[in-house]
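Please open the model in your viewer and keep the sequence panel beside it, since this tour moves from one selection to the next.

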Amino acid sequence: MTHYNNLLLENKGGILFITVNRPNKMNALNIETVKEINTAFQGVYDDSEVRGVILTGSGEKAFVAGADIAEIAELNEVNGRRFAERGQDVFSMIEECPKPVIAAVNGFALGGGCELAMACHIRVASENARFGQPEVNLGLIPGYGGTQRLTQLVGKGKAMEMMMTGDMISAAEACEFGLVNHVTQSVDLMPKCLEIMEKIISKAPIAVGMIVDCVNAWYDKEEHGYQTEANSFSRCCGSEDFKEGTAAFLEKRKPEFKGE
């Protein structure tokens, strides 16, 4: 059993709840926390009992309110590249996870916190959540994939404005711009995430994973998205889940998918 200093993990019926737990630091990401997130998601990949992940922050104020500024202040041109690449690798692992990952954004999601939320497949925010990439205020830019994912989600013009000004936007604005999927009252945040997750994990696991691959392929210059789709469609056709799904439809019953 892996011990975590900055994360809380709990598996409830195949749904793994991962909570960034640094409430005295507004759950800010330091190097140790990023390493722990990497370890936790490696476990998600490897553990067949985990069917989906809901990621959130501890407390009521912050999802993750940025990175650890004391650590960032020590960076230089040499180790800064490695710092960014390490975070990008971890967040790409989340983005490419074949199991659904939902961010339950319960407060401030700034800097690395906004980048962490964007690496998840779906984002649900409480009405008090705030989003932003304020790195420009430190003489920096987002380094964990934020320049790329924010542009993908909200479009070039709005992404430019948010990153150049460093301004925060409300949960309602984030939903309007496509940064989040749903906005709820605080008490309804986790129930909404569970509602979505339970619906997804009732579907064919192989097909869900293939959807992740195909959608991500659209943004990868080295991938041909349509070919990835055709290849993935073919793989689904060879699965036991496909046989079960079509048989259940024709027999007018609920399918029982096994991820095979």
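Begin by selecting Trp 218, which you will find in the loop that lies between helix 9 (205–217) and helix 10 (225–237); bear in mind throughout that this is a predicted model. Is Trp 218 buried or exposed? With a relative accessible area of 68%, Trp 218 is exposed, because the cut-off for that label is over 50%.

Now add Ile 211, Val 215 and Tyr 219 to the selection and display the surface: together with Trp 218 these residues form a nonpolar patch there, and the accessible area of the four together is about 490 Å².

Next, clear the selection and go to strand 2 (residues 15–20), where Thr 19 is found. Thr 19 has a relative accessibility of 15% and therefore counts as buried, the limit being under 20%. Which residues does Thr 19 touch, if those up to four places away in sequence are not counted? Show Asn 6, Leu 7 and Leu 8, and then Thr 56, Gly 57 and Ser 58, and you have the contacts of Thr 19.

For the last stop, switch to a cartoon view and pick out the open sheet, in which four strands follow the order 4-6-8-9 with mixed pairing. Strand 4 (62–65) and strand 9 (169–170) stand at its edges, and each has a single partner strand, so one side of each is left without a neighbour in the sheet. Turn then to strand 4 and strand 6 (residues 108–110), which pair in the parallel sense over three bridges; within this pair, select Ala 62 and you will find Phe 108 of strand 6 standing opposite.

Terms used: Residues numbered from 1 in each chain as written. Predicted model: local features only at pLDDT ≥ 70, side-chain atom pairs only at ≥ 80, totals over all residues. Heavy atoms only, no water. Pairing = 2+ DSSP bridges. Helix = DSSP H or I, 4+ residues; strand = E, 2+ residues; numbered from the N terminus. Buried < 20%, exposed > 50% of the residue type's maximum accessible area, 1.4 Å probe, protein only. Contact = heavy atoms within 4.5 Å. Patch = residues over 30% accessible without salt bridge, like charges linked within 9 Å, V, L, I, M, F, W, Y side chains within 5 Å. Areas by Shrake-Rupley, 256 points an atom, 1.4 Å probe, with all protein chains shown as cover. Salt bridge = Lys/Arg side-chain N within 4 Å of Asp/Glu carboxyl O.
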